[in-house]
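Let's take a stroll through this protein chain together. Have a look at the sequence and the model first, and then we'll go through it piece by piece.

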Amino acid sequence: MDVKNCRRCRRIFNYIGGPLFCPQCREELEAKFQEVKKYVYANKGATIPQIAQDCQVEVAQIQQWIREERLVFADDSPIGIACESCGSMIKTGRFCDACKAQMTNNLNSVRPKPQQVQQPARREKDSPKMRFLN
């Protein structure tokens, strides 16, 4: 049994996995997330500070939900966060599409290529003919 302290309320709880929040804090956080989600849907032009103030949630928590791709905004929305690599504005996630592509290319260039196994040349004697045993 793994026992941890909750990051929000500091209570001790049985840690199973995931974020270091006790079940009660996790439920409260999920309820706040649903409230923010409904607010964003109803107020499409709201900014992150305005959402945080009206829903009584920290700006950092909203940004975390955006980075986790739990909150996704339309392309015409004024809400955006900075790409962690280049700083360009993105609507969700941690990296912009260009940085994702660059990281993928970098990882693919480092990974060793599988070598082709060459089949031995067939001799005429080994042709695919039917054979009979005496």
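Does Asp54 count as buried, partly exposed or exposed? At 41% relative accessibility, Asp54 counts as partly exposed. Keep in mind that what you're looking at is a predicted model.

## Asp54 and its surroundings

Asp54 belongs to helix 2. Its side chain is joined to that of Tyr39 by a polar contact of 2.3 Å. Leu71, on the other hand, sits 17 Å from Asp54, going from C-alpha to C-alpha, and the two are 17 residues apart in sequence.

## The two sides of helix 2

Helix 2 is a good place to linger. Which of its residues are buried? They are Ile48, Ile51, Ala52 and Cys55. If you look down the axis of helix 2, these buried residues fall within an arc of 100°, so they line one face of the helix. Over on the other side of helix 2 you'll find Pro49 and Gln53, which are exposed.

And what covers the buried residues of helix 2? The cover includes helix 1, helix 3 and strand 3. Just after the helix comes Gln56, with a positive phi near 55°.

## The nonpolar core

In soluble globular proteins, nonpolar side chains tend to be buried together. Here, the largest nonpolar core has 28 residues. Those with the most contacts inside it are Val36, Ile51, Ile62, Trp65, Ile66 and Leu71. Strand 2 (12–15), helix 1 (23–42), helix 2 (48–55) and helix 3 (59–67) are the elements that each give two or more residues to this core. Helix 1 gives the most, with 6 residues.

For a closer look, pick Ile62. Which residues does Ile62 touch, once you set aside those up to four places away in sequence? The answer is Ile48, Ile51, Ala52, Val57 and Leu71. Three of those names should ring a bell: Ile48, Ile51 and Ala52 are among the buried residues of helix 2.

## Charged pairs

Side chains of opposite charge can pair when their charged atoms come close. How many salt bridges does this model have? The count comes to 5.

One of them is between Glu28 and Arg8, at 4.0 Å from N to O. Glu28 lies in helix 1 and Arg8 in the loop between strand 1 (2–5) and strand 2, so this pair ties together parts that are 20 residues apart in sequence. Both partners are partly exposed: Glu28 has a relative accessible area of 37%, and Arg8 has one of 43%. Another salt bridge joins the side chains of Glu30 and Arg70, at 2.6 Å from N to O. Glu30 is in helix 1 while Arg70 is in the loop between helix 3 and strand 3 (81–82), so here the parts tied together are 40 residues apart in sequence. Glu30 counts as partly exposed at 31% relative accessibility, and Arg70 is partly exposed too, at 35%.

Then there's Arg94, which forms a salt bridge with Glu84, the closest N and O atoms being 2.8 Å apart. Arg94 sits in the loop between strand 4 (89–90) and helix 4 (97–110), and Glu84 in the loop between strand 3 and strand 4, so the pair links parts that are 10 residues apart in sequence. Arg94 is partly exposed, with a relative accessible area of 42%, and so is Glu84, with 41%. There's a third member to meet as well: Arg67, Glu84 and Arg94 are linked in a network of salt bridges.

## A hairpin at the start

Back towards the beginning of the chain, strand 1 and strand 2 pair in the antiparallel sense over 4 bridges. Asn5 stands opposite Ile12 in strand 2. The hairpin has 6 residues between its strands, and Arg10 takes a positive phi near 70° there.

## A buried serine in a loop

One last stop is Ser77, in the loop between helix 3 and strand 3. Is Ser77 buried or exposed? At 9% relative accessibility, Ser77 counts as buried.

What does Ser77 have around it, leaving aside neighbours within four places in sequence? Ser77 is in contact with Lys44 and Lys91. Also, a polar atom of the Ser77 side chain lies 3.3 Å from the backbone nitrogen of Ile79.

Methods
Residues numbered from 1 in each chain as written. Predicted model: local features only at pLDDT ≥ 70, side-chain atom pairs only at ≥ 80, totals over all residues. Heavy atoms only, no water. Core = buried A, V, L, I, M, F, W, Y, C linked by side-chain atoms within 4.5 Å. Buried < 20%, exposed > 50% of the residue type's maximum accessible area, 1.4 Å probe, protein only. Contact = heavy atoms within 4.5 Å. Arc of directions from axis to C-beta. Polar contact = N/O pair within 3.5 Å; in protein donor to acceptor, adjacent residues only side chain to side chain. Pairing = 2+ DSSP bridges.
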